[in-house]
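The following exercises are to be worked with the sequence and the model side by side. Each task is followed by a stepwise solution.

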Amino acid sequence: GMRDISITSVRIILNRFLDNMGDLPITAITPKIIQESIMTMDNRRFTMGSSPSLYPIPKSKHLSLCTQHCYLRALQSFFSYCKKQCYVSSNPCVKVQLPTLIRKDPKAYTPEDVAFAINLFKDDYPDVQLYVCLAAFTGIRPAELGKLT
């Protein structure tokens with residue numbers, strides 16, 4: 001299942017999107033409406049009146065491209081559910097065209113990087129040293145590593 005933080009994030013996305021739709025029936029929501037809503041949605045950090053030292057003003061008034069894609073994925077799941085329940089005849093998110101999100105390739109650590117990390121914890125934290133070795137040589141995810149006893 002999803003972690004609590006993921007569920008909370010999806011709820012925030014859906015609530016914010018549905019608030020933007022107002023009284024528009026779900027059956028009237030088109031790909032164009034979804035695309036325009038996501039691409040013009042204000043970045044909440046930009047609109048906050050908080051202290052710049054705590055929350056620096058972002059460069060863009062609108063959501064980052066990565067966040068736009070997160071919103072679209074959440075909405076795709078929502079509309080897939082709506083389609084399964086026969087609330088809508090098709091998932092409008094399938095036809096939404098956002099700019100392509102280009103991600104950097106993951107960084108591979110060198111043997112020297114791994115040796116340095118192992119030696120950081122050598123004397124005081126032998127358990128952490130074991131975790132570094134497991135992570136480096138198995139490719140285990142950090143969340144799974146943290147669950148090990």
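A residue is called buried under 20% relative accessible area, exposed over 50%, and partly exposed in between, with a 1.4 Å probe and protein chains only. The model is predicted: local features need pLDDT of at least 70, side-chain atom pairs count only at pLDDT 80 or more, and totals for chains, interfaces and linings use all residues. Residues are numbered from 1 along each chain as its sequence is written, and side-chain values use heavy atoms, with hydrogens and water left out.

**Exercise 1. Overall architecture**

Task: State how many helices and strands the protein has, and describe its burial and its surface.

Solution.
Step 1. Helices (H or I, at least four residues) and strands (E, at least two) are taken as DSSP runs, numbered from the N terminus. The protein has seven helices and zero strands, in the order α-α-α-α-α-α-α along the sequence.
Step 2. Of the 149 residues in the protein, 21% are buried.
Step 3. Areas are computed by the Shrake-Rupley method with a 1.4 Å probe; for residues, only the protein chains shown count as cover. About 11,300 Å² of the protein is exposed, and carbon and sulfur atoms supply 57% of that area.
Step 4. A contact means heavy atoms within 4.5 Å. Among contacts between residues at least 6 apart in sequence, 48% join residues at least 24 apart.

**Exercise 2. The cysteines**

Task: Determine how many disulfides the rule yields, and explain why C93 has no bonded partner.

Solution.
Step 1. A disulfide is a covalent bond between the sulfur atoms of two cysteines. The criterion here is a pair of cysteine sulfur atoms within 2.5 Å.
Step 2. The closest cysteine sulfur to that of C93 belongs to C82, at 9.5 Å, which is too far for a bond. The count of disulfides is zero.
Step 3. C93 is buried, at 1% relative accessibility, whereas C86 is exposed, at 68%.
Step 4. C86 lies in the loop between α4 and α5 (111-120). Most residues other than glycine have a negative phi. C86, although not a glycine, has a positive phi of about 65°.

**Exercise 3. The buried side of α2**

Task: Identify which residues of helix α2 (residues 31-40) are buried, and establish where they lie around the axis.

Solution.
Step 1. The buried residues in α2 include I34, S37 and I38. They span an arc of only 95° around the axis, so they lie on the same side of α2; the arc is that of the directions from the helix axis to the C-beta atoms.
Step 2. An α-helix has 3.6 residues a turn, so residues three or four places apart point the same way.
Step 3. The face of α2 turned away from the buried side carries the exposed residues K32 and T40. The cover over the buried residues of α2 includes α1 (4-21) and α4.

**Exercise 4. M39 and Q68**

Task: Which residues do M39 and Q68 touch, leaving aside those up to four places away in sequence?

Solution.
Step 1. M39 belongs to helix α2 and is partly exposed, at 32% relative accessible area. M39 touches H62, Q68, L98 and P99.
Step 2. Q68 sits in helix α4 (residues 65-84) and is buried, at 6%. Q68 touches I38, M39, L63 and L98.
Step 3. M39 and L65 are 26 residues apart in sequence, yet their C-alpha atoms are 8.4 Å apart in space.

**Exercise 5. Salt bridge and aromatic pairs**

Task: Find how many salt bridges and aromatic pairs the structure holds, and classify the ring geometry.

Solution.
Step 1. A salt bridge requires a side-chain nitrogen of Lys or Arg within 4 Å of a carboxyl oxygen of Asp or Glu. The structure holds one, joining D113 and K107 at 3.3 Å, N to O. D113 is partly exposed, at 32%, while K107 is exposed, at 56%.
Step 2. Rings of Phe, Tyr and Trp (its six-membered ring) pair if their centres lie within 6.5 Å; planes under 30 degrees apart count as stacked, over 60 as edge-to-face and the rest as tilted. The count is two aromatic pairs.
Step 3. The ring centres of F78 and F79 are 5.2 Å apart with planes at 75°, so this pair is edge-to-face. Both F78 and F79 are buried.
Step 4. The ring centres of F121 and Y125 are 6.5 Å apart with planes at 70°, so this pair is edge-to-face. F121 is partly exposed, at 27%.
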